[in-house]
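Here are a few thoughts on this one, jotted down as I went through it. Have the viewer open while you read.

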Amino acid sequence: VATLRDLARPGDGRSLSGHMAELGTVEQLRELAVHRSAYQLKEADPHTWGIPRLTGRAKAALVDIQWGEYGEGDAAALHAQLFADTMDELSLDQRYGAYLDLIPGVTLSTCNLISLFGLHRGWRGALVGHLALFEMCSVRPMGSYLTCLRRLGFGSRATRFYEEHIVADERHERVAIEDMVIPLVQAEPFLGGEVVHGARCLTAVEGLFASHVLDAWDAGTTSLLRPLS
């Protein structure tokens with residue numbers, strides 16, 4: 001848990017969400033939404049593969065987190081649907097996979113990592129670590145993206161995805177640590193290193209992604225494989 005908290009602390013380097021809050025443009029918002037659509041339009045599904053691979057309190061906690069991600073049973077509140085609504089407000093195609101030919105490998109790696117962990121029982125500890133850090137690091141950047149959207153004049157249909165995450169992930173962080181990570185490692189101590197490994201992998205791929213996007217924008221070019229029409 002101490003290692004996860006260390007990994008969750010904001011670093012001293014460049015921040016993609018910080019850039020968006022202060023300087024982000026509509027065109028950069030659109031590019032970022034295209035990047036993130038590879039995961040957000042199927043949000044929560046890869047982590048759900050972990051449910052049958054866990055037991056006891058850890059399983060119940062993962063179900064609790066996923067219940068929130070799936071809108072607590074309300075189709076209109078599915079986080080994937082809320083992101084689709086944001087894309088629609090940004091005049092983007094909200095169909096899953098519509099921009100696959102524009103998304104670079106560094107972005108796809110953030111999605112493939114979760115699928116790798118979720119599809120293999122042997123990586124269940126890494127999946128838990130990935131999800132735990134995901135929830136621990138969510139509130140601050142979601143707030144920054146919300147600030148950007150509001151600064152640029154977007155309304156509630158565009159901002160609801162971020163508003164929901166700010167509220168939900170603050171609670172999910174506690175559930176992930178106290179009810180999922182700790183019970184899992186208490187039950188299966190040999191998974192402790194694997195939990196940390198999953199969290200570190202998340203840090204690595206997200207760092208590469210953010211650097212790629214910011215480097216492209218600093219150079220005055222698109223961060224996608226080719227510009228959006």
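The points below go from the whole chain down to one helix.

1. First, keep in mind that this is a predicted model. The chain has eleven helices and zero strands, so reading from the N terminus you just get α-α-α-α-α-α-α-α-α-α-α. The radius of gyration is 17 Å, close to the 17 Å that the globule rule gives for 229 residues, so the chain is as compact as a globular protein of that length.

2. For a sense of scale, the C-alpha atoms sit in a box of roughly 50 × 35 × 30 Å along the principal axes. Of the 229 residues, 49% are buried. If you take contacts between residues at least 6 apart in sequence, 79% of them link residues at least 24 apart.

3. On the outside, the accessible surface is about 10,500 Å², and carbon and sulfur atoms account for 56% of that. As for charge, there are 21 positive and 29 negative ones, with mean positions 4 Å apart.

4. Now have a look at helix α6, residues 79-89. Eight of its eleven residues are buried, so the helix is largely enclosed by the rest of the structure. The buried set is H79, A80, L82, F83, A84, D85, T86 and M87.

5. What covers those buried residues of α6? Among the elements doing it are α3 (26-40), α5 (56-69) and α10 (156-187).

6. One last detail on the backbone: S91, which follows α6, has a positive phi, near 60°.

Terms used. Residues are numbered from 1 along each chain as its sequence is written. This is a predicted model: local features need pLDDT of at least 70, side-chain atom pairs count only at pLDDT 80 or more; totals for chains, interfaces and linings use all residues. Side-chain values use heavy atoms; hydrogens and water are left out. Helices (H or I, at least four residues) and strands (E, at least two) are DSSP runs, numbered from the N terminus. The radius of gyration is taken over C-alpha atoms; the globule rule is 2.2 Å times the number of residues to the power 0.38. Buried means under 20% relative accessible area, exposed over 50%, partly exposed in between (1.4 Å probe, protein chains only). Contact means heavy atoms within 4.5 Å. Accessible areas come from the Shrake-Rupley method with a 1.4 Å probe; for residues, only the protein chains shown count as cover. Lys and Arg count as positive and Asp and Glu as negative; His and the chain ends are not counted. The place of a charge is taken as NZ of Lys, CZ of Arg, CG of Asp or CD of Glu.
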